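Let's take a walk through this protein together. Keep the sequence and the 3D view open, and look up each residue as we come to it.

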Amino acid sequence: MSPRYANLTLEFRGLAALITIDRPHALNALDTATLEELDDALSEAADHDDIRALILTGAGSKAFVAGADIAQMREFTVAEAEDFSLHGQSVLDGLSGFPAPVIAAVNGYALGGGTEIAVACDLILCSANAVFGQPEVGLGVIPGFGGTQRLTRLVGPMRAREIVFTGRRIPAAEAVQIGLALRVVEGDVVEAAMELATVIARQGPVAVRLAKRAINENADAALATALAAERTLFAHCFATNDQDEGMAAFLEKRKAVFRGA
Ligand code: CAA
C-alpha cells in the first residue's frame, strides 16, 4: 500500500497510472476519507505530465465499489448529506476532468456510488461478474454522486429512470447492451484496461488530451458552441510539435515519435 494512502493504492505502470480503491471490509465503499484520498491521488497522478491514461479499479474480485458508505451516511443531518454529496460530486468531477483518459476497470459490484464513479470515467471495461445499479431508493435516498445526471446522459432518460426507480441490478452484458459499459473482457479486467491504455499511449499525447476536453467539456453545450470549442482545440493542435511529427511521420512512411508537446 502506498504509505500516503490508507484506503487506496496509486501505482505508476509505464505510461499509465493505476488507482485501486482498497477497503475490503466495506467492499471498497466510499467514505469521506476515501474520497479525500481519491482527490489527492488524482492530483498526484495529474502532476505526472507523461501519464497517458489513468485506470481506476477496486481491490479484490468481488467489488469495484459497493457504493457510498452506508454506515457513515446512516446518521447524516440534512446539511451533512448535502456536504457529502457535494464532496462526492466534486471528486467525481475530478475524474471527468482528469487531463488524460480515465478507464474504469469494473471487477464485481459497482452499485450506487460504484456505478456513479464508473460513469464519471471516460471508458468502462468490465469483467463478466460486474454488476451495476443504483439501489439508493431502496435505502430511502436518491443517488447523490451524479447518478441522476451522468447516467441519464449516458443511457438516456427512460432507461435511467427505470434503473433509478427500481434499484435493480444490471449484469455486465446488459450494461454493454445499453451503453453503460464499453465491453465485457475475458480474464483480468485491469490487464485489459492496461492494454487499452497502451493503445491510447501510442497516439499523439496532446491530441488525446485535447480530444478528451472537446468531448467532456462540451457534452451539455449547444451544437454550435461545441463545434466552436472543437475548432479552437483543433487549431491549437497546430501549435504543437506532436502535430508536426505526426503528419511528417505519415508522409515519410515512418512511425511517429511523439514528445507530448
Ligand atoms: N457501505 C458500507 N458498507 C458496505 C457497503 C456500503 N455501501 N456495501 C457493503 N458493505 C459492507 C457490508 O456491510 C458488510 O460488512 P460486514 O462484513 O461488517 O457485515 C461487508 O461490506 C460485506 O458485504 P455483504 O455481507 O453485504 O456482502 P454480500 O456479498 O452479501 O453482498 C452487496 C454484496 C450486494 C454489494 C451488498 O453488500 C450491498 O448491497 N451493498 C450495498 C450496495 C448499495 O446499496 N450501494 C449504494 C449505497 S448508497 C449510495 O451510493 C448513495 C450515493 O449515491 C451517494
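Start at the ligand and look for Gly113: one of its backbone N or O atoms lies 2.9 Å from an oxygen atom of the ligand. Keep in mind as you look that this is a predicted model. Ala68 does something you can compare with that, as a polar backbone atom of Ala68 is 2.9 Å from an oxygen atom of the ligand. With Lys62, turn to the side chain instead, where an N or O atom is 2.6 Å from a ligand oxygen. On its own, the ligand has 990 Å² of accessible area, and the protein covers 64% of that.

Now zoom out a bit. How many residues surround the ligand? There are 23, and the closest are Lys62, Ala68, Gly113, Glu116 and Glu136. Sort the shell by class and you get 13 nonpolar, five polar and five charged residues. To see where some of the shell comes from, find H2, strand S6 (109-111) and helix H4 (113-119), each of which supplies at least two of its residues.

Next up are the charged pairs. Side chains of opposite charge can pair when their charged atoms come close. A search of the whole structure turns up 13 salt bridges. Let's visit a few of them.

Take Arg23 and Asp69, a salt bridge whose closest N and O atoms are 2.8 Å apart. These two are 46 residues apart, so the pair links distant parts of the chain. Arg23 is in the loop between strand S2 (16-21) and helix H1 (32-46), while Asp69 is in the loop between strand S4 (63-65) and helix H2 (70-73). Are these two buried or exposed? Both Arg23 and Asp69 are buried.

For a contrast, go to Asp220 and Arg153, which form a salt bridge with their closest N and O atoms 3.0 Å apart. Here too the pair links distant parts of the chain, with the two positions 67 residues apart. Asp220 is in the loop between helix H9 (205-216) and helix H10 (223-237), and Arg153 is in helix H5 (residues 150-155). This time Asp220 and Arg153 are both exposed.

One more pair: Arg213 makes a salt bridge with Glu217, and the closest N and O atoms are 3.1 Å apart. Arg213 has a relative accessible area of 39%, so it counts as partly exposed. Glu217 is exposed, because its relative accessible area is 51%. Elsewhere, salt bridges that share partners join Glu11, Arg13 and Glu191 into one network.

Let's finish with two single residues. The first stop is Thr57, in strand S3 (residues 53-58). Why does Thr57 count as buried? Its relative accessibility is 3%, and that is why it gets the label. You can list its neighbours as well: leaving out residues up to four places away in sequence, Thr57 touches Leu18, Ile19, Thr20, Ile21, Phe64, Ala105, Asn107 and Val190.

Then hop over to Leu251, which sits in helix H11 (residues 241-251). With a relative accessible area of 67%, Leu251 is exposed. To get a feel for distances here, pick out Leu42 too: Leu251 and Leu42 are 209 residues apart in sequence, and 38 Å separate them in space, C-alpha to C-alpha.

Notes: Residues numbered from 1 in each chain as written. Predicted model: local features only at pLDDT ≥ 70, side-chain atom pairs only at ≥ 80, totals over all residues. Heavy atoms only, no water. Helix = DSSP H or I, 4+ residues; strand = E, 2+ residues; numbered from the N terminus. Buried < 20%, exposed > 50% of the residue type's maximum accessible area, 1.4 Å probe, protein only. Salt bridge = Lys/Arg side-chain N within 4 Å of Asp/Glu carboxyl O. Near = heavy atom within 4 Å. Polar contact = N/O pair within 3.5 Å; in protein donor to acceptor, adjacent residues only side chain to side chain. Areas by Shrake-Rupley, 256 points an atom, 1.4 Å probe, with all protein chains shown as cover. Nonpolar A, V, L, I, M, F, W, Y, C, P; charged D, E, K, R; others polar. Contact = heavy atoms within 4.5 Å.
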